[in-house]
Amino acid sequence: MMQPRLVQNFRGGRAFIVVNEATAIEPLVVTLGKLGVQIAGVHSDPREIDPASLQADQHFVFLDGDLQCPIAWPLSSIAQLPPAPLVGLVGVEAPSRLRALVQAGATAFLRKPVHGATVYSALYIAVNQYRQRRELEQCIDEHDRRRRGRRHVIKAVLSLVQARGIDDETAYDILRRDSMRERQSLEQYCEAFLQETSSQTGPPARRRRLNAD
Amino acid sequence: MSPQRNPLTGFFSVRGNMASNYTIGLLFSSTGPYSVVAHAMLNGALLAVDEINADKSDVVLDTVFVNPNGELGRYSPLCAELLGQGIKHVVGCYTSSSRKEVIPLFEKQDALLWYPSHYEGFESSNNVVYTGAAPNQHILPLLTYLLARYGNRAYCVGSNYIWAWENNRILRETVLERGGTVLAERYFPVGETDFTQVIEAIFEAKPSFVFTTLIGTSAYQFFRDIRAAAKARGIDQPRVMPLASCSLSEPELEEIGPEAVDGHISSSVYFSTIQSRENAAFLAAYAARFPDGSAMSADAEASYIAVRLLASALAAAGTDDVAAVKEAVCRQRLRAPQGEVWIDQQTLHAYLTPRIGRSNCNARFDLVQQASEPAKPDPYLVWSTPRYEVAMQKQKLRVVR
């Protein structure tokens with residue numbers, strides 16, 4: 001798996017800040033300005049932000065762990081990621097508050113009152129952790145999809161063995177080579193191959209190639 | 001109104017009727033491994049103090065000087081001593097490690113450090129005014145010059161601390177982005193003087209240039225040794241593989257000595273050879289004040305600028321209250337020896353004019369390039385670098401010790 005490239009310059013990013021008391025975050029606002037990040041909004045309730053409007057590569061969210069209202073943004077199915085990188089603002093350091101931030105998908109934390117010298121580090125870790133987890137999530141998703149498709153591969157191999165009187169290694173090599181020619185994954189190609197075989201009306205080109213082999 | 005003698009500088013000052021006295025701290029390692037530069041910085045600060053006190057201005061500065069002797073562990077106690085006396089403004093520090101050591105004290109007591117040295121950036125404390133060059137004002141112009149002029153195969157040798165690590169990181173990303181190669185990064189403890197092996201490795205690698213972030217005695221020995229080794233091999237080192245630095249200054253050229261002083265590339269916002277009326281007056285005043293002192297340098301000028309800006313801000317604010325002085329300093333403009341200088345309100349870093357110099361046999365720099373105007377400081381390289389880290393070929397870097 002390719003590691004996503006690290007983001008180290010946040011110029012052009014837009015930050016939403018959701019806090020109980022705006023006074024606690026003045027150094028955060030000042031430092032974000034130095035980093036070239038615009039403040040998209042300061043809110044006291046996360047429900048004021050439409051999660052569908054958040055873009056993972058442009059927005060950051062700073063979320064106060066001391067809010068009274070629950071955070072109910074949709075999270076991704078595997079890595080439990082929020083719509084955009086999220087930094088938790090920690091006031092009360094109790095497990096219940098920290099758990100709420102973890103469950104909201106925070107990938108970095110800042111202690112309240114926020115100290116300017118810690119903002120770049122928190123943003124760097126939050127954004128790059130988010131990107132790494134998203135990459136892993138996509139990787140797991142792809143593996144799952146392929147795992148589900150392996151039954152098509154087994155069936156296609158058996159079908160070729162029976163139809164052509166060849167061994168399973170040769171049948172697999174033929175299917176793999178043809179899937180590469182068609183620029184499809186082996187699983188996708190085998191699924192399509194089985195559909196064509198069962199209907200006997202597949203595209204002539206694919207049948208001809210298999211016959212030629 | 002009677003002349004009063006500054007106990008540290010020995011100068012007499014004449015106070016105006018409405019003049020206010022302020023005591024400032026000076027924190028420089030005028031002895032120790034990087035004393036050559038730090039002593040020049042102290043001199044620059046003292047010169048500015050003398051000029052201000054002789055100026056019949058609204059402000060009279062008294063100074064308390066402390067010398068940590070280049071020992072990192074002594075910075076914090078000495079600084080606490082200064083702040084414990086009620087001093088709110090301290091001019092000082094050369095290395096980044098020493099600055100980072102004392103910043104928590106300034107933030108805790110809400111005092112202001114006036115940091116007068118070039119550094120690697122990625123910092124912007126609200127309790128520091130930075131009058132030295134930020135990375136977009138020194139290393140980026142240097143790399144543009146080196147890559148265009150000498151080629152794209154870099155070899156890095158540095159003292160093992162943040163100045164070298166971060167500058168080499170910026171170099172590596174810039175060089176790789178432009179299709180070049182970083183042949184090696186080698187680090188040595190501050191004060192190390194045995195470079196036999198790395199010099200052998202450099203000649204074997206045949207780089208286009210050697211980027212050095214060595215400081216103090218380590219740097220001087222390295223310059224001498226590599227030149228001697230090149231001569232023994234019949235290699236015209238300044239032409240074939242020049243040594244480039246973002247910190248090499250005139251007093252250090254004098255320390256290197258006549259055998260190896262010429263042909264080095266330095267990126268700086270100030271060289272003593274700048275042709276201007278302000279610089280001529282500055283050099284004359286410095287020579288008169290310190291006839292046996294070291295040569296003028298960028299760090300000495302940055303210290304001079306720091307004290308001049310501090311005094312202007314104190315006068316404008318009418319108090320040494322930190323918030324008022326910070327607000328006031330951003331409204332000041334100084335016709336400094338290097339040209340016009342002012343402080344960026346957002347980052348508290350200085351607008352400075354990048355320049356490239358090439359050292360000559362007189363231990364001075366010939367200017368080979370100069371920006372047309374002061375450059376806005378960009379300590380986080382927000383406006384100077386791409387969003388993503390440049391992909392690195394990991395197998396080409398290895399830990400050797």
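Here are some questions and answers about this predicted model.

Me: How many residues of chain B are in contact with chain A, and how much area is buried between the two chains?
Reply: Let's start where the chains meet. On the other side, 14 residues of chain A take part, and carbon and sulfur atoms give 48% of the buried area. The count for chain B is 20 residues, and the buried area is about 1700 Å².

Me: Which residues of chain B lose the most area to chain A?
Reply: Three residues stand out here, together making up 38% of what that side buries. They are Tyr380(B), Arg387(B) and Tyr388(B).

Me: What does the rule find across the interface: how many salt bridges, and how many residue pairs in polar contact?
Reply: The side of chain B that touches chain A has nine nonpolar, six polar and five charged residues. Even with those charged residues there, the salt bridge count across the interface is zero. For polar contact, the number of residue pairs is nine.

Me: Which residue forms a salt bridge with Arg150(A), and is that partner buried or exposed?
Reply: Arg150(A) sits in helix H3 of chain A, and its partner is 37 residues away in helix H5 of chain A. The closest N and O atoms are 2.6 Å apart. Arg150(A) is partly exposed at 34%, but the partner has a relative accessible area of 3%, which is under the 20% cut-off, so it counts as buried. The answer is Glu187(A), buried.

Me: Where is the salt bridge partner of Lys100(B), and which residue is it?
Reply: Lys100(B) is in helix H3 of chain B, while the partner lies 23 residues away in the loop between strand E6 and strand E7. Their side chains meet at 2.7 Å, N to O. Both also belong to a network of salt bridges that includes Arg99(B) and Glu120(B). The partner is Glu123(B).

Me: How many residues of H1(B) are buried?
Reply: Helix H1 of chain B runs over residues 35–53, and its end C-alpha atoms are 26 Å apart, which agrees with the 27 Å it should span. The helix is largely enclosed by the rest of the structure, because most of its 19 residues are buried. The number is 17.

Me: Which residue's backbone oxygen lies 2.9 Å from a polar atom of the side chain of Ser268(B)?
Reply: Ser268(B) is in strand E12 of chain B, and at 10% relative accessibility it counts as buried. Further along the sequence, its contacts include Ala298(B) and Arg355(B). The backbone oxygen in question belongs to Tyr270(B).

Notes: Residues are numbered from 1 along each chain as its sequence is written. Chains are lettered from A and ligands numbered from 1 in the order in which they are written. This is a predicted model: local features need pLDDT of at least 70, side-chain atom pairs count only at pLDDT 80 or more; totals for chains, interfaces and linings use all residues. Side-chain values use heavy atoms; hydrogens and water are left out. Contact means heavy atoms within 4.5 Å. Buried area is the accessible area (1.4 Å probe) that two parts lose on being put together, summed over both. A salt bridge is a side-chain nitrogen of Lys or Arg within 4 Å of a carboxyl oxygen of Asp or Glu. A polar contact is a pair of N or O atoms within 3.5 Å; within protein, one must be able to donate a hydrogen and the other to accept it, and residues adjacent in sequence count only if both atoms are side-chain atoms. Ala, Val, Leu, Ile, Met, Phe, Trp, Tyr, Cys and Pro count as nonpolar, Asp, Glu, Lys and Arg as charged, and the others, Gly among them, as polar. Helices (H or I, at least four residues) and strands (E, at least two) are DSSP runs, numbered from the N terminus. Buried means under 20% relative accessible area, exposed over 50%, partly exposed in between (1.4 Å probe, protein chains only). The expected span of a helix is 1.5 Å times one less than its number of residues. Lists of a residue's contacts leave out its neighbours within four places in sequence.
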